Amino acid sequence: MHTRARDSEFTMLFQVIAYTFILFLSIICLVPFLLILSGSFSSNESIVRDGYHLFPTDFSLEGYKMVFKFPTQVLKAYGVTVFTTVVGTALGLFFITMAGFVLQRKDFKYRNTFSFFIYFTTLFGGGLVPWYIMLANYFNLTDTYTVLIFPGLMTPFLIILMKNFIRSAVPDELIEFAKIDGANDFRIYFSVVLNLAMPGIATVGLFLALGYWNDWFTSSLFINNPDMYQLQFYLYNTMNTITFIDQMAIGTGITLSQDVPTESTKMAMAIIVTGPILFLYPFVQRYFVRGLTIGAVKG
Amino acid sequence: MLKELNKNKMMFLMLLPTLIFFLINSYFPMVGIYYAFTRYDFEGGLFGSPFVGLENFKFLWQSGMLLKLTTNTVGYNLAFIILGNGLAIFCAIMLSEIRGKVFKKVTQSVMFLPYFISFVLLSVIAYNMFNYESGFVNTVLKRFEAGPVDIYNTPWIWVFLIIIFYLWKNLGYSMVIYLAAITGISDEYYEAARIDGANIFQRIWYITVPMLKPTFVILLLFSLGSIMKGQFDLFYQLIGNNGVLYNATDIIDTYVYRSLKVTFDIGMATAAGLYQSLFGFILIMTVNYIIRKVNEDYALF
């Protein structure tokens with residue numbers, strides 16, 4: 001009886017600690033977003049005068065108005081990113097699921113050889129510079145959509161994740177049955193495996209899509225044509241230079257005065273670029289958690 | 001091989017795109033390692049540039065660059081691994097014991113959110129908080145008449161900031177993995193412990209923590225394998241080309257990137273990249289060998 005009372009006291013104590021600590025961390029995770037949001041809705045003068053605040057002291061939409069005054073550049077960057085994300089994710093998923101399916105087939109004799117061929121690339125590589133020179137000088141991929149899509153198509157980690165997922169989701173007997181019914185391997189993959197591996201496909205697809213959406217690196221290396229900048233690289237440029245304002249000015253023939261709301265514009269740009277993720281996040285998050293859970297437990 | 005190819009034509013065909021991808025993206029560039037031994041010139045290309053042997057490595061070593069880059073890279077990664085896993089385990093345990101379902105769901109989502117944003121946005125956040133004129137931190141400091149502090153010119157602060165930003169961005173992700181492992185622990189253990197009179201702290205310490213060991217070891221091994229590869233995006237977006245901070249924050253990846261983009265030092269950059277790859281490779285092999293000796297189940301391959 002005594003221990004039971006002690007136990008509930010300890011549990012009480014633990015709950016208090018846990019709630020406080022988790023709440024504290026959650027607030028820390030959220031505050032930076034609030035700061036950017038607040039900055040984007042503040043007037044530039046108030047930021048220059050008083051600095052960034054948690055809540056806008058002088059509510060204003062001029063940052064957003066500024067971005068959309070000359071929307072061509074932003075919209076182009078959006079277009080590039082949406083296009084590469086959709087095409088890259090679709091292609092990547094197609095290849096990864098096929099590879100995962102083949103590599104987990106026990107009747108495929110060379111599965112371990114090929115698995116190692118893929119895994120080895122995480123152990124050893126040529127490094128950034130040879131990779132860059134090869135794609136740029138030997139494959140001539142500078143300023144192409146191919147280079148924005150190709151490098152992100154797959155990673156060994158995603159293939160292993162998919163392989164594990166298919167192995168646990170599709171029973172071997174099912175594949176045997178389909179074979180007896182006269183279906184070839186692609187047919188089995190297409191009409192049996194794809195249906196059963198949906199949660200895994202959602203997870204890997206999210207990883208791919210996130211990678212493409214957040215990519216700035218490929219643009220920074222391979223893209224010289226501003227019309228082909230990815231969204232994140234466009235934001236990066238906005239942050240680092242004010243040249244985008246000059247570019248807009250040149251593009252439209254309007255010269256801009258000194259009081260351009262750069263600070264609030266930067267924050268508005270950040271919100272516009274991140275917007276879709278924040279908007280979709282509540283919906284996609286649970287797939288991520290579910291997929292990671294299965295993938296992690298299986299190793 | 002040919003017989004097998006004939007028998008499983010379709011499966012080979014389905015694997016083909018993946019094989020081609022890794023051939024182009026990973027194996028072909030390995031030929032370019034040769035640049036590390038040349039003084040690269042743009043006219044000559046791969047085999048036309050003059051061969052200089054180990055001169056690039058010698059220079060990197062003598063300039064002290066290699067040593068600095070190595071200690072920074074390994075140091076930051078160790079901090080990431082230890083603090084990252086520690087915090088994730090701690091939070092996962094707290095979260096798993098919390099009773100309020102809604103609270104649990106909401107906070108977990110919130111903590112996972114930073115993982116989804118781009119590193120460019122991270123740099124915007126850092127700028128918003130730490131820039132000299134209008135940064136949030138300086139705004140607050142000014143109110144208490146203690147600032148402003150020129151954070152972007154103070155190298156030692158960035159050692160902490162980089163680690164904190166890393167934790168901030170990755171906490172949710174690793175927490176999910178540990179939460180999954182905790183969910184997998186059978187309730188019977190806890191029931192038995194409760195009957196034996198163990199309180200919640202004892203139950204966590206004697207059941208949950210030991211049961212997380214396999215997950216921890218696997219994650220540890222994976223991260224040890226890539227200890228020479230830095231979080232390039234994180235470092236580059238936070239530090240950029242701010243030379244004042246290099247001493248405290250330069251890692252191999254950022255050095256190589258700058259050598260390629262800014263100084264066009266192809267030979268040197270390839271040498272640094274090759275050193276990174278070889279060092280990492282030897283490290284993984286060693287770690288894997290030791291693990292295999294100790295406990296075969298945990299070995300990577």
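**Exercise 1.** What percentage of residues 74–98 of chain B is helix, and how far apart are the end C-alpha atoms?

*Solution.* The model is predicted. Start with the record: the UniProt annotation "transmembrane region", from an unreviewed entry, covers residues 74–98 of chain B, among other stretches. Next, take the secondary structure: over these residues the chain is 96% helix and 0% strand. Last, take the ends: their C-alpha atoms are 36 Å apart.

**Exercise 2.** Describe residues 12–37 and residues 70–287 of chain B in the same terms.

*Solution.* Residues 12–37 also carry the UniProt annotation "transmembrane region". Here the chain is 77% helix and 0% strand, with end C-alpha atoms 37 Å apart. For residues 70–287, UniProt gives "domain: ABC transmembrane type-1", again from an unreviewed entry. Over that range the chain is 77% helix and 0% strand, and the end C-alpha atoms lie 18 Å apart.

**Exercise 3.** Is B:Leu23 buried, partly exposed or exposed, and which surface patch does B:Leu23 help to make?

*Solution.* First, locate the residue: B:Leu23 lies in helix H2 of chain B, residues 9–31. Second, classify it: B:Leu23 has a relative accessible area of 33%, and partly exposed is the class between 20% and 50%, so B:Leu23 is partly exposed. Third, name the patch: A:Tyr138, A:Phe139, B:Leu23 and B:Phe28 make a nonpolar surface patch of about 370 Å².

**Exercise 4.** Describe the interface of chain A and chain B.

*Solution.* Count the residues: chain A gives 101 and chain B gives 96 to the contact. Then take the buried area, about 9,300 Å², of which carbon and sulfur atoms give 76%. Finally, look for salt bridges: across this interface there are zero.

Methods:
Residues are numbered from 1 along each chain as its sequence is written. Chains are lettered from A and ligands numbered from 1 in the order in which they are written. This is a predicted model: local features need pLDDT of at least 70, side-chain atom pairs count only at pLDDT 80 or more; totals for chains, interfaces and linings use all residues. Side-chain values use heavy atoms; hydrogens and water are left out. UniProt positions are given in the numbering used here, feature names are shortened, and annotations may be inferred rather than shown by experiment. Helices (H or I, at least four residues) and strands (E, at least two) are DSSP runs, numbered from the N terminus. Patches are made of residues with over 30% relative accessible area and no salt bridge: like charges are joined within 9 Å, nonpolar side chains (Val, Leu, Ile, Met, Phe, Trp, Tyr) within 5 Å. Accessible areas come from the Shrake-Rupley method with a 1.4 Å probe; for residues, only the protein chains shown count as cover. A salt bridge is a side-chain nitrogen of Lys or Arg within 4 Å of a carboxyl oxygen of Asp or Glu. Buried means under 20% relative accessible area, exposed over 50%, partly exposed in between (1.4 Å probe, protein chains only). Buried area is the accessible area (1.4 Å probe) that two parts lose on being put together, summed over both.
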